[in-house]
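Please examine the sequence and the structure shown below before reading on. The explanation that follows is meant to be read beside them.

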Amino acid sequence: MRFSARRANLEKRSAIVAATRAFFSRNGFVEVETPALQVSPGMEPHLAAFATELEAPGRAARRKLYLHTSPEFAMKKLLVAGCTHIFQLARVFRNGERSDTHHPEFVMLEWYRAGDDYTVLMNDCATLLRESAAAAGASNFVWRGQSCDPRAMPERITVVDAFRRFAGIDLAATMVDPRAPDAAALSRQATRTGVRTAAGDRWDDVFFRIFLERIEPHLGLGRPTIVDEYPISMAALARAKPKDRRFAERFELYVAGLELANGFGELTDASEQRRRFEADQALKARLSGERYPIDADFLDALAYGMPASAGIALGLDRLVMLATGAEKIDDVLWAPVASTEGA
């Protein structure tokens, strides 16, 4: 789409950014800025990062660094340093990602609340949706023909209930041992509902296939949906639910069938965090033959004492897509990264 055709979307984007900053200022947050260059880009096994080298003056030494996939580690260090309510509109980078809803460089709105329960973030999301709609002059959020009222209070549903309601699958029955969920049992249930499985599928593979095919298309229709209590194996940076440690204090926000935000009650146990990081990098090595370094300073900060906190990341570009009705992320960017198509 030419710039002239995108211009109305971009003007609405500017209004949404202004409304977002006003929301956080009004609620006592401080806007922070952290470096994009990091020792560790992030620990998610399925994400690919951009790597570079930092040269010392005179080119005497070089050090491998990465462009971050999220500002999470740096922002949590600020919580340890004494900041309590912080937010950032961070440019983040993910390699190998380009689609209608993905871009190699995008803007992530991330915020943290020290001392608050993660459910407070759900209220933040509801307010941000309403205020973004007002800023953009949108009566409804729309994506691929699906509509959602951004002023409606979100529906809240657990992952287990979503699997039961939309796929007819008893997810909890396959999670007797949360560290070794039963892939065969989940595959059998998936096959009965018409979801394709294959020999060698991990439990996570089957979970995501069911979620994408049977559940995600039903989320956020008419009103926003908050999907809560993800399996602990899918929440490496979140703490476990006190009453059922198979599940984590993690939720995702969906609007018109599009995933918009991912929130946690933050894990503050340094030894448990190291164990999860090592497990994730072992999986990454099996999947891609690569490992990313663990940020030792981040683990040291957790060990020093991070306060009980809640944190969340929201895709700003996707929020603008919903508010403008744009179907492609490139249509809400001031200057998309050059495409290699046709090269």
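The paragraphs below treat a strand and its partners, then the cysteines, and finally the internal cavities.

The structure is a predicted model, and strand β13, residues 250-255, offers a convenient point of entry. This strand is mostly covered, with six of its six residues buried. In a regular strand, side chains alternate between the two faces of the sheet. In β13, R250, E252 and Y254 point one way, while F251, L253 and V255 point the other way. Residues of both sets are buried, and the charged residues R250 and E252 are among them.

Two strands pair with β13. Strand β10, residues 225-228, runs antiparallel to β13 and is joined to it by four bridges. Within this pairing, T225 has Y254 of β13 as its bridge partner. Strand β14, residues 258-265, also runs antiparallel to β13, and six bridges connect these two strands. Here F251 is found opposite G263 of β14. The hairpin formed by β13 and β14 has two residues between the strands, and A256 adopts a positive phi near 55 degrees in this hairpin.

The cysteines may be considered next. The structure contains zero disulfides. C125 takes part in none, and the nearest cysteine sulfur to its own, that of C148, lies 12 Å away. For C148, likewise in no disulfide, the nearest cysteine sulfur is that of C125, at 12 Å. A disulfide requires the two sulfur atoms to be within 2.5 Å, so the 12 Å between C125 and C148 does not qualify. C125 counts as buried because its relative accessibility is 1%. C148 counts as buried because its relative accessibility is 0%.

There remains the empty space inside the model. Rolling a probe the size of a water molecule over the atoms shows where such space is left. A search of the whole structure yields two cavities of 30 Å³ or more. The largest has a volume of about 60 Å³, and its lining consists of P41, G42, M43, E44, T69, S70, E72, F73 and L237. Four of these lining residues are nonpolar, three are polar and two are charged.

The second largest cavity has a volume of about 30 Å³. Its lining is formed by Q38, S40, P41, H68, S70, P71, F73 and A74, which divide into four nonpolar and four polar residues, with no charged residue. P41, S70 and F73 appear in the linings of both cavities.

Note on methods:
Residues are numbered from 1 along each chain as its sequence is written. This is a predicted model: local features need pLDDT of at least 70, side-chain atom pairs count only at pLDDT 80 or more; totals for chains, interfaces and linings use all residues. Side-chain values use heavy atoms; hydrogens and water are left out. On a 1 Å grid over the protein atoms alone, a cavity is a set of points where a 1.4 Å probe fits but cannot get out, and a pocket is an open set with protein on both sides within 12 Å along at least five of seven lines; lining residues have an atom within 4 Å of a point. Grid points are joined across faces, edges and corners, and a volume is the space filled by probe spheres set on the points. Buried means under 20% relative accessible area, exposed over 50%, partly exposed in between (1.4 Å probe, protein chains only). Two strands pair if DSSP finds at least two bridges between them.
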